[in-house]
Amino acid sequence: MKYSSCGHVNVANVEEPTRLRGWIDSVRDHGGVIFIDLRDETGITQVVVEPENKEFFSLAERCRSEFVLSVEGKIRRRPDGTINKQISTGEVELLVSSLEILSESDPLPFQLDDYSSAGEEVRLKYRFLDLRRSEMQNNIRARSKVSSSIREFMDKEGFLDIETPMMTKATPEGARDFLVPSRISRGSFYALPQSPQLFKQLLMASGFEKYYQIARCFRDEDTRADRQPEFTQLDIEKAFTDEDEIINLSEKLIKFVFTKLLDINLHKFPKMTYSEAIERFGSDKPDLRINLELKEVKEIFLDSNFKVFSGPANDLNSRVVALKISSELTRSKIDSYTEFVGKFGAKGLAYIKVNDLSKGNDGLQSPILKFLSQKEIDSLFKLLDVTDGDTVFFGAGHKKIVSDSMGALRNQIAEDFDLIEDSWKPVWITNWPLFEESIGGDLSPAHHPFTSFKGSIEDLEADPRAVEANAYDLVINGTEVGGGSIRIHKSSEQAKVLEVLGISENEAQNKFGFFLDALNYGFPPHGGIAFGLDRLVMLMMGADSIRSVIPFPKTQSALCLLTDAPARVDPQQLEELGISLNDPDGE
């Protein structure tokens with residue numbers, strides 16, 4: 001008797017003796033006949049146990065969901081009126097001649113159907129059960145297919161799959177490192193890599209001109225939504241290249257993966273500068289499916305008596321923007337949006353509701369109208385092409401706060417009023433600033449400190465805030481899926497960037513002197529990109545969290561509820577490592 005898979009039997013197998021193995025998806029007793037939906041990784045087959053088969057009918061009566069069975073019998077057509085067109089095996093069923101319970105199951109902590117209301121914490125604690133759900137099965141299989149498609153593409157393009165170290169030295173990547181103590185070198189620590197950045201660049205200096213790796217990375221970040229302390233990214237690096245070549249290669253790759261997994265043909269990806277993205281959408285990750293844009297209205301309010309607008313209008317570090325929407329808004333909804341932008345540092349949310357333009361200002365509703373001149377109102381409405389039923393929101397203040405708050409408001413309004421187009425809208429964000437400036441004026445790398453820049457060292461010395469990076473991010477539907485740059489390959493340029501960042505020569509040598517030394521030994525021009533695999537799969541599968549596409553994820557608080565990690569270790573292990581704990585709880 002041949003073994004078959006639960007998802008592969010059909011009318012061609014009618015009258016064939018068949019053996020199936022799998023989990024019980026459901027059990028139904030219909031008038032003395034027991035029906036079992038048996039599930040394996042390929043699908044479901046209906047199994048029928050009739051009362052005449054007394055021995056195995058008695059066993060079937062004991063069965064419940066998630067028991068593991070082995071059944072034997074013949075495939076037969078289902079009777080008329082009982083065909084299930086929702087599944088591939090819905091025209092047939094297996095009439096049982098033999099049944100064996102391979103494994104029993106305790107009562108489940110939650111139901112495994114796709115509409116389970118179990119909370120995420122329960123599902124993560126029993127992740128091995130949660131992974132049995134068809135949604136999770138599809139997500140993890142899609143992840144595998146994406147990975148295999150990537151390898152297929154990169155191999156055809158002549159790239160080598162090269163592993164880089166998992167235990168290395170701490171480097172400045174923008175987050176804290178996970179540290180690994182060394183038993184042999186007591187008092188010293190390895191760091192788990194935040195990315196393979198320096199090693200992949202060193203491979204370029206080593207003569208491996210085309211590198212890729214699907215790499216595990218680790219970042220000990222503070223609690224943030226939809227981030228993981230360990231994650232997977234696709235790393236690509238190429239010598240003797242430029243920005244256009246990396247962008248073209250990446251587009252081909254993403255199109256290949258979308259075709260393989262979703263049978264979707266993406267068109268040419270447009271490019272947009274960083275400054276344009278911030279100006280129009282308030283975000284460096286603009287969702288182009290949303291037909292709403294921010295309008296800079298500084299010029300209108302330069303001489304305004306309304307200081308809330310005129311102050312920022314005359315400040316180089318500030319913005320005054322307007323966002324027009326054509327959806328009907330209640331006062332309570334406007335109040336909720338005022339509270340919403342406050343989370344991003346905005347001090348308020350001014351607005352004008354346009355009820356009836358034919359009535360002039362009497363047809364307008366706004367708490368700020370009395371502060372605005374007629375010329376300002378007329379100029380504003382002409383610029384925004386306002387019509388009856390529109391509402392105009394305003395953001396005024398520091399550039400970052402206004403962009404962050406109004407960009408987020410744009411997305412929230414689109415979600416609330418179903419203004420998001422059902423399509424795929426990729427876009428490249430280019431011409432990034434080399435450095436990001438905090439509200440306090442401190443500089444940090446917009447990508448990482450090994451990114452090359454446009455212009456000369458003299459330009460960098462004169463005004464580092466004005467220098468653009470040779471960097472590029474790929475954004476799809478408002479989600480950043482990848483980012484890369486052309487790297488610095490000259491030691492003088494690298495030294496200057498580190499100097500601007502306030503990293504001393506001694507600190508630089510201590511952290512990554514091995515890399516700085518390599519720059520003095522014939523380092524070729526090179527560049528690359530990294531894609532977040534978890535994020536890409538999440539986007540393609542329409543999942544609401546990267547935790548839905550990672551087999552065993554951590555919680556938002558970086559906890560593994562399945563294994564109770566992180567956990568205390570035996571004091572003897574700490575003693576061997578030369579570590580003592582300063583424990584305020586005295587445990």
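**Figure 1. Aspartate 564 sits in the loop between H15 and H16.** This view comes from a predicted model, and it opens on a residue with an unusual backbone setting. Aspartate 564 is not a glycine, yet its phi is positive, at about 60°. For context, most residues other than glycine have a negative phi. With a relative accessibility of 52%, aspartate 564 counts as exposed.

**Figure 2. Alanine 558 and proline 566 bring further backbone features to the loop between H15 and H16.** Alanine 558 is found in this loop, and its phi is near 65°, again a positive value in a residue other than glycine. Its relative accessible area is 30%, so alanine 558 is partly exposed. Proline 566 lies in the loop between H15 and H16 as well. The peptide bond that joins alanine 565 to proline 566 is cis, with omega at about 0°. As a reminder while you look at this bond, most peptide bonds are trans.

**Figure 3. Leucine 562 helps to make a nonpolar patch on the surface.** Its partners in the patch are Phe128 and Phe552, and the three residues give an area of about 290 Å². Leucine 562 belongs to the loop that runs between helix H15 (533-541) and helix H16 (571-577). A relative accessible area of 33% makes leucine 562 partly exposed. Patch members need over 30% relative accessible area, so leucine 562, at 33%, meets that cut-off.

**Figure 4. The second largest cavity holds about 40 Å³ of space.** Searching the whole structure turns up three cavities of 30 Å³ or more. Which residues line the second largest cavity? They are Leu124, Arg127, Phe552, Pro553, Cys560, Leu561 and Leu562. Sorted by class, this lining has six nonpolar residues, one charged residue and no polar ones. Phe552 and Leu562, both in the lining, are also part of the nonpolar surface patch.

**Figure 5. Five charged residues are joined into one salt-bridge network, and a bridge within helix H14 is shown beside it.** Lysine 511 and glutamate 507 form a salt bridge, with their closest N and O atoms 3.0 Å apart. The two residues are four apart in helix H14 (residues 505-518), so about one helical turn separates them. Lysine 511 is partly exposed, at a relative accessible area of 28%, and glutamate 507 is partly exposed too, at 31%. The network itself consists of Arg123, Arg127, Asp130, Arg133 and Glu135, joined by salt bridges that share partners. Arg127 is worth a second look here, as it is also in the lining of the second largest cavity.

**Figure 6. Aspartate 416 and lysine 333 meet through their side chains in a salt bridge.** The N to O distance is 3.3 Å. Aspartate 416 lies in helix H11 (residues 399-416) and lysine 333 in helix H9 (residues 331-342), so the pair ties together parts that are 83 residues apart in sequence. Aspartate 416 is partly exposed, with a relative accessibility of 32%, and lysine 333 is partly exposed at 27%. This pair is one of 43 salt bridges in the structure.

**Figure 7. A salt bridge between lysine 496 and glutamate 461 brings a buried residue into view.** The closest N and O atoms of the pair are 2.9 Å apart. Lysine 496 is in helix H13 (residues 491-500) and glutamate 461 in helix H12 (residues 457-462), so the bridge links distant parts of the chain, 35 residues apart. Is lysine 496 buried or exposed? At 12% relative accessibility, lysine 496 counts as buried, whereas glutamate 461, at 47%, is partly exposed.

**Figure 8. The second largest pocket offers about 760 Å³ of space.** It is lined by 26 residues, and those closest to its centre are Asp25, Arg39, Ile44, Arg132 and Ser134. Strand E2 (17-30), strand E3 (33-40), strand E4 (43-49) and helix H4 (134-156) each contribute at least two lining residues. H4 gives the most, with four residues. By class, the lining has ten charged, ten polar and six nonpolar residues.

**Figure 9. The whole chain puts the close-ups in context.** Its secondary structure comes to 16 helices and 23 strands. Along the principal axes, the C-alpha atoms fill a box of roughly 95 × 75 × 60 Å. Of the 587 residues in the chain, 47% are buried.

Note on methods. Residues numbered from 1 in each chain as written. Predicted model: local features only at pLDDT ≥ 70, side-chain atom pairs only at ≥ 80, totals over all residues. Heavy atoms only, no water. Patch = residues over 30% accessible without salt bridge, like charges linked within 9 Å, V, L, I, M, F, W, Y side chains within 5 Å. Areas by Shrake-Rupley, 256 points an atom, 1.4 Å probe, with all protein chains shown as cover. Salt bridge = Lys/Arg side-chain N within 4 Å of Asp/Glu carboxyl O. Buried < 20%, exposed > 50% of the residue type's maximum accessible area, 1.4 Å probe, protein only. 1 Å grid on protein atoms, 1.4 Å probe; cavity = no way out; pocket = protein on both sides within 12 Å on 5 of 7 lines; lining within 4 Å. Points joined across faces, edges and corners; volume = space filled by probe spheres on them. Nonpolar A, V, L, I, M, F, W, Y, C, P; charged D, E, K, R; others polar.
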